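Here are my notes on the model you sent, set out as numbered points so that each can be checked against the coordinates.

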Amino acid sequence: MEGTLRVDLLERWMKEDLIGTLDEGEEIVQQLVNAVLLESFQNGESIKMPDEVRKGLVKFYEAEMNPVLLVELDDRGLMEAPQSEAWEEANEMYLMSNRISKLPDNPNCPLLSALFLQGNLHLRVISQSFFQCMPILQILNLSQTKIKSLPQSLFKLVQLRKFILRSCELLKELPAEIGDLCHLEVLDLEETEITKLPVTVGKLTNLTSLKVSFYLPANGNRKNNPSNRIIPQNVISRLFQLEELSIDVNPEDERWNATIKDILREVFCLNRLHFLKLQLPEVFLLKDLRNLSWMHFKFIVGNHLKRVISRMPHGSAIKFEEEESCLKYVNGVGIPIEIKEVLRHASAFILNCHLTATSLSEFGVKTMKNLKFCVLQECNEIEAIVNANDADDGDFILQSLEYLSVHYMKNLRSIWVGRSLENSLLFLKVLALYSCPKLTTLFTFDLIQNLVNLEELLVEDCPEINRLVLLPDKPSLGRRSLPKLKKMSLHYMPKLVSIFGGERISSSLEWLSFYDCPSLKILSPNEISIYNLEVMIGEADWWNELKYNESKWFEPLNLDAVFFPLERDIDLRTQLAAINDQLQAQMQKTEPKKESVEVGTSSKHKQVA
C-alpha cells in the first residue's frame, strides 16, 4: 500500500508554515483520520488519502479554477434569442420554455457544451449554419419545438453525446447523416412523426439509450416491401452498448408486425440492456423474451387491429409509466401462460378489454404478488375483482398492491367474493372506481378491516350503490376503520343514502368531495371526523339542505371556511381542476420566493430532464 510517512508530512507542513508545532500537526492528522479523509496504516507511521476522496478534491479544484458560465434565461417569455456576445462566452445556454421563433444564423460558440431549447413552441426553422461554430457541444435538447427538419450543420457536432427531440410533432424524417454523430450516447425521438430509422443509425455504436416513436404514413401498410421497414435489419444488434431501448409504434401499422420478430432476435445480442419497451401484437412473442428478472420493461401485448380508444384518466397513465416493469394486455382471450410468466416480474398491470376473464385473480394469486399498480378497463365479463376461491390457504392476495383503478366495467358486482384472507390488499393506498353500473356496494366488513393503509377513495358514476360498506348484523364498536384515509370523492351516485352505515372511519380525513348525490342528506359524526378537514366540496343547494338536516354536526368547526361550491351547469372536472389550482396558489403564497440569476458563473451543472 502506497502512502506517505507521517513524519515526512508533518515536516513538510512545518516548512510551509501550515502548522506551528508537530503536536498541532499530529492533532490535525488524527482529526482527518477520524473523518475518514485519511487512512492510517503500518501502525500509524504512514498515512494515505483514499482514492474516492482524492478524486472528489481534484474535481472540486478543477471546478473552482474553471468556473462554468451559465446563461439562464429559461421560462422568461423571450421572443428573441440572446445577442452574439452571450453565445461567445457561454459554457451552457438555458433558453427553454420561451417564445423564441428565430435563432442567430451562425453564432460563434467556442465554449458551448450544452444547449437547451426545449419548449419553444414558436421555433419552426433553424438555419443551416446555426451549429457550424459549436465544436464542443455535447448536449442538445430541441424537444417540443415545431421544427420540421434538422440543419446540415448539426451533423458536424462530432462531440455530441446527448440529442433529445422528444415531442417534435412536425419532424417527419431523420436524415442519414445522423450516423456521423459517432460519439452519441443518448438519442430520444419519442413522440415525433418519423416513419422509419435510416440504416446509418447502426453506426452509432456508442449509444446507450435509444427511444423512438414511429408515425403511420398514408401508405404505411406495405408490410412486404423491405425498403419500407420501420427499422432496417441488423441496426439494433450493432448497438451493442445499448442499456435502454424504447420503441413505440402505431397499433395499426402492419409494418411493425413484419419487423418485430427480427427486433426480438437482435435484442438477444444486447448484453448490457436493462430496460426494454416494446409493443407485441401477439402473445406468443413473449416466449422470445427471457431473463426478465434482471430487466425493467414496458410491454403492450395484444392485437390492436381493432382500435382501442383508452378512456383511462391521464393521472393513471402517468402512474403506469412511472413504474419500473409494466405489462398492458389488450383484447385478450383466456389466461395465457406467457402473460402469467411476465406478471411474475411486473410491478404494474393494465388489463384492457379482456374478453373472457371473470375476475382479476384468475391471472394467478401467486403471479401477482409483486404487483403495485393495477388498472382494469372495459373487461365486460369481470364480476368481481378478487375471487378468494382462486387462492390457497395461507395466500395473501395482492399483498403488494398500492394503486387499483377500475373503469367502465358493466358487469362488476363486487370488489371481493369468497372467504376473508388476512393481510390481503394490506398496502392498498388508492382505490378508484368509474362507471360500474351493477355495483351495489364496495366493501364487506371483513375487507374494510384489511385496508389499513388506504389514503384515497374515489367512486364515480356507480348509480346502484346505496352505501359503501355491507355491515354485519351487529355493528362494530372497536377501532376506526380506514385509519389513514385522507381523501374521499363520491360523484354521480344518485342512490347513495349512507357512506359507511354508521361504521366509524378515519379521523385523518382532509378532503371530501360530493357531486350529484341527492339521496345523501345526512353525514353522521359517528362516520366522519371533521377535525382535520381542509377541503369540503359539493353543490351549494345540497350543502344548505345538509346543514339544515344535521345542524349539530357542523357546530365544532366553521366548515363554511373550507367549503367550495360546485355549479351544476359547469363540467365537474373543470371545476375540480380550478379548485385544485386555487389551493395550489394558496400554498405557494406561503412559500419563500426563489431568486433567479440570468447570467452568472457556477461550479455546479444545472440538471435538466
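1. In this predicted model, the residues of helix α6 that count as buried are Arg255, Trp256, Thr259, Ile260, Asp262, Ile263, Leu264, Glu266 and Val267. An α-helix has 3.6 residues a turn, so residues three or four places apart point the same way. The buried list can be read with that in mind, and it includes charged side chains, among them Arg255, Asp262 and Glu266.

2. The geometry of α6 deserves a look of its own. The helix covers residues 254-267, which makes 14 residues, and its span from first to last C-alpha is 20 Å, close to the 20 Å expected at 1.5 Å a residue. There is nevertheless a bend of about 40 degrees at Ile260, and Ile260 is itself one of the buried residues of the helix.

3. Which residues lie nearest the centre of the second largest pocket? They are Tyr434, Glu456, Leu458, Lys487 and Arg573, out of a lining of 20 residues. The elements that give two or more residues to this lining are α7 (314-322), β20 (430-434), β22 (456-460), β24 (487-491) and α11 (572-589). The space in the pocket comes to about 560 Å³, and its lining is made up of nine nonpolar, six polar and five charged residues.

4. Tyr434, one of the residues nearest the centre of that pocket, has its place in strand β20. With a relative accessible area of 12%, Tyr434 counts as buried, because the cut-off for that class is under 20%. Its C-alpha is 4.8 Å from that of His407, although Tyr434 and His407 are 27 residues apart in sequence.

5. A search of the whole structure for cavities of 30 Å³ or more finds two. The second largest of them holds about 30 Å³ of space, and its lining consists of Leu404, Ile415, Leu425, Leu428, Leu431, Phe443, Leu447 and Leu451. By class, that lining has eight nonpolar residues, with no polar and no charged ones.

6. On the cysteines, the search of the whole structure finds zero disulfides. Cys374 is in no disulfide, and the nearest cysteine sulfur, which belongs to Cys379, is 9.2 Å away, whereas a disulfide would need the two sulfur atoms within 2.5 Å. Cys374 is buried at 0% relative accessibility, and Cys326 is likewise buried, with a relative accessible area of 0%.

7. Two backbone angles should be checked by eye. Most residues other than glycine have a negative phi, and most peptide bonds are trans. Cys353, however, has a positive phi near 55 degrees; it is found in the loop between β15 (348-352) and β16 (373-377), and at 14% relative accessibility it counts as buried. Tyr492, which is not a glycine either, has a positive phi of about 55 degrees. Tyr492 is placed in the loop between β24 and β25 (511-515), and because its relative accessibility is 29%, it falls in the partly exposed class.

8. Buried or exposed: which describes Pro107, in the loop between β5 (92-94) and β6 (114-116)? Pro107 is buried, with a relative accessible area of 4%. Along the chain, Pro107 and Ala86 are 21 residues apart, and their C-alpha atoms are separated by 9.6 Å.

9. Leu189 belongs to strand β9, which runs over residues 186-189, and it is buried, with a relative accessible area of 0%. The C-alpha atoms of Leu189 and Leu171 are separated by 9.5 Å, with their positions 18 residues apart along the chain counted as the sequence separation.

10. Finally, Ile230 sits in the loop between β10 (209-213) and α5 (235-238), and although it is a loop residue, it counts as buried at 0% relative accessibility. Ile230 and Tyr215 are 15 residues apart in sequence, and the distance between them in space is 9.6 Å, C-alpha to C-alpha.

Methods
Residues numbered from 1 in each chain as written. Predicted model: local features only at pLDDT ≥ 70, side-chain atom pairs only at ≥ 80, totals over all residues. Heavy atoms only, no water. 1 Å grid on protein atoms, 1.4 Å probe; cavity = no way out; pocket = protein on both sides within 12 Å on 5 of 7 lines; lining within 4 Å. Points joined across faces, edges and corners; volume = space filled by probe spheres on them. Helix = DSSP H or I, 4+ residues; strand = E, 2+ residues; numbered from the N terminus. Buried < 20%, exposed > 50% of the residue type's maximum accessible area, 1.4 Å probe, protein only. Expected span 1.5 Å × (residues − 1). Bend = angle between axes of the 7 residues up to and from the residue.
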